[in-house]
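Reader: I would like to go through this model and ask what each label rests on. Please set the value against the definition each time.

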Amino acid sequence: MTLPQRDTPPTPQQTADLRERYRIERERRVRPEGPSQYRSASAEFGYFAADPYVGVVPERETLHDAVDVAVIGGGFGGILAGARLRRQGVARVRVIEKGGDFGGTWYWNRYPGIHCDVESHVYLPMLDETGHIPEWKYAPGEEIRRHAVRIAEQFDLYEDALFSTSASSLTWDETAHQWMVATDRGDEFRATYVITATGTLTEPKLPGIPGVEDYQGHTFHTSRWDYGYTGGSPEGGMTGLAGKRVGVVGTGATGVQVIPLLAEDAGHLYVFQRTPSAVDVRGQRHVTPQEVGAARRGWAAERRENFLRIVSGEHTEHDLVADRWTESSALLEKLLPSFRRNGEPDFEVAYEAADHTTMNAIRDRVDAEVTDPSTAAALRPWYRYACKRPTFSDRYLPTFNRNDVTLVDTADSHGIERMTSRGVVVGGVEYELDCLVFATGFSVGVSGITSGKLPVTGRDGIRLLDVRTQRGPRTLHGFTSNGFPNLIQMGSLQNASSVNFTHILDEQAVHAAALVAAAEEHGAVVEPTREAEDAWTDVCAQGAPDHEWFHAECTPGYYNREGRGRPNGPLAYPHGAVAFHDLLRHWRAENIVEVLQPKVSTPV
Ligand code: NDP
């Protein structure tokens, strides 16, 4: 793969000027508190306790039985793990899910305008298996949620599922070679295997703005949209907002999708922006089955593999998806190490020049679409492409040409200054609001077992969180850890990642199911030795991306711990998802028995 070429490379002076501009814009936004500027929405705000899609949670008997596999989390990770286990004939698979149905992020997030900005034909998993063919290039959230339900139905995952239930502890019983699974509904049942698929962006966060609890108007977070108040649906039509003064905080991937619809229905919309998103072309359109070759067996697997190869920096003859993700993929920061390996002559100069081209086009697009010069100036993003998650919209920028939309730039005060009982204060001006919507995102990784929310006690009473705190991340391939037999972890830690995360999850599900099958076949437990963990940690450490170099100059956000930088270290497989999947396939074929231990002995 090569970086996009510029006609005229920037001069050293232009590069120096741009770096200086980026530095100034970064300083305007960095807050000394770093990540602690946020507050956990569910811990502090009562309305997060209720599930808006269930109402009153139905009573049920507590369970004290035994299943083959307990899967923690009913998002795509858990669903795919369940489906892959079912395909190999596992009888009792019990998914435990906090929400009232399957879907995970697509269950909770139903805000107006919600879509996936990764192409639907590669994002939606198991299209070959279910026969579903998306009609739109980018699927609406409701179609994605229904697809999650479709897979769960097709693979009989409803039968044993526990909804509106959270696992509260996992404890290994060395005598029975089973996990004891406890839940917040009083269940205590046994499972031979536990698969954790708890997601990474699940805990909504609110800014810790002084006075946030004093606000007396209506307020909610985008992940708990209050249609009872706004009226309408994810397609819009929010009649409840007619004539109302509505504010929205946050202009990330969620804000960019929801703001055009809020603007259509609110009396007046105030958009409180700290950092503008890089808003690239979206190109939503109908796609026919012929266009994606859906008559061919395995068409969807082939297409998503093609996408993964491109966004992982691998060579491909054709770009089947051909959108701004694939066209700009060379700038994705995950590729930094692969460029170094490929021997780009002067990597940083080449990268920076290519980045200028892309970001200048994005900044020029703002000027072309937004008529008011000062609004356009505030909407121009001044940072490198991969500093923040890119966004894609053809409706967002023209929204700011409406007379009933006001952009309030909060950068000079590092965000909203404070809130009062009536509204929001920025630059000493109070904006009175009837309703304030927080599109302020999620705490990264908080829902995982490593946060301590779900205590996991393995052999000899050792706690997974203690091991991680004392020794750092230690796994084999990200899935299994010494001292925690038959515990299989899904997620990106010491594993692979991609912008198309459902693909990553599906490969993880295949691997998890293979581990279970191998253990069953050999009458063993799945548990790596310490040596295997150490060897894998070394693989992850060698060639890890130089995050510090890259993120030190980035505007703050969750990618760089709000400006504090991201630690280098053995946190992920460093050679890309395609190489990782090849490695796993080979290991499953040749070496899977290495992770099996006899049930009677304790590995050292
Ligand atoms: P983000 O964390 O990306 O954005 C939060 C927004 O809130 C930012 O604009 C942030 O500004 C702003 N903000 C936070 N605190 C303040 C403050 N004190 N004053 C003013 N503004 C503030 O959350 P999102 O929900 O937008 O996206 C989270 C992730 O979810 C995405 O990165 C993506 O992975 C996923 N997603 C995916 C979609 C898809 O189509 N596939 C769609 C939507 C989300 P600042 O940037 O300055 O911090």
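Reader: How far is an oxygen atom of the ligand from a polar backbone atom of histidine 115?

Author: The structure is a predicted model. In it, a polar backbone atom of histidine 115 lies 3.2 Å from an oxygen atom of the ligand. A polar contact is a pair of N or O atoms within 3.5 Å, so the pair at histidine 115 is called one.

Reader: What makes the side chain of lysine 388 a polar contact of the ligand?

Author: An N or O atom in the side chain of lysine 388 is 2.6 Å from an oxygen atom of the ligand. The limit is 3.5 Å, so the pair qualifies. For tyrosine 558, a polar side-chain atom and an oxygen atom of the ligand are 2.6 Å apart. Lys388 and Tyr558 are among the residues that come nearest, of the 26 around the ligand; the others named are Thr254, Arg274 and Thr275.

Reader: How do you know that the length of helix H3 agrees with its number of residues?

Author: Helix H3 has twelve residues, 76-87, and at 1.5 Å a residue it should span 16 Å. The expected span is 1.5 Å times one less than the number of residues. The end C-alpha atoms of H3 are 16 Å apart, so the two values agree.

Reader: Why is H3 described as mostly covered?

Author: Eleven of its twelve residues are buried, including Phe76, Ile79, Leu80, Arg84 and Arg86. Just after H3, glycine 89 has a positive phi of about 90°.

Reader: Why is methionine 126 called buried?

Author: Its relative accessibility is 3%. Buried means under 20%, so methionine 126 falls in that class. Methionine 126 sits in the loop between helix H5 (120-123) and helix H6 (127-130). Its phi is near 55°, a positive value in a residue other than glycine.

Reader: And what makes arginine 561 partly exposed?

Author: Its relative accessible area is 42%. Exposed starts over 50% and buried ends under 20%, so arginine 561 is placed in between. Arginine 561 also has a positive phi, of about 45°, although it is not a glycine. The loop that holds arginine 561 runs between helix H19 (547-551) and helix H20 (577-590).

Reader: Which strands are the edge strands of the open sheet of five, and what makes them so?

Author: The order is E8-E17-E9-E10-E13, with parallel pairing. Strand E8 (218-221) and strand E13 (405-409) are the edge strands, as each pairs on one side only. From one strand to the next the twist averages 15°.

Reader: How do you know that E10 pairs with E13?

Author: Strands count as paired with at least two bridges between them. Five bridges join strand E10 (residues 268-273) to E13, so the pair meets that condition. Valine 271 stands opposite leucine 407 in E13. E9 and E10 also pair over five bridges, in the parallel sense, with valine 249 opposite phenylalanine 272 in E10.

Reader: Why is E9 said to be largely enclosed?

Author: Four of the five residues of E9 are buried, so the rest of the structure largely encloses it. Helix H9 (residues 253-265) lies across strand E9 (245-249), E10 and E13, at about 155° to E10.

Reader: Why do E14 and E16 stand at the edges of their sheet?

Author: That open sheet has the order E14-E15-E16, with antiparallel pairing. Strand E14 (418-419) and strand E16 (429-432) each have a single partner strand, so one side of each is left without a neighbour in the sheet. E14 and strand E15 (residues 423-426) pair over two bridges, and methionine 419 stands opposite valine 424 in E15.

Key: Residues numbered from 1 in each chain as written. Predicted model: local features only at pLDDT ≥ 70, side-chain atom pairs only at ≥ 80, totals over all residues. Heavy atoms only, no water. Buried < 20%, exposed > 50% of the residue type's maximum accessible area, 1.4 Å probe, protein only. Axes fitted to C-alpha atoms, helices over the stretch in contact; angles between N-to-C directions. Contact = heavy atoms within 4.5 Å. Near = heavy atom within 4 Å. Polar contact = N/O pair within 3.5 Å; in protein donor to acceptor, adjacent residues only side chain to side chain.
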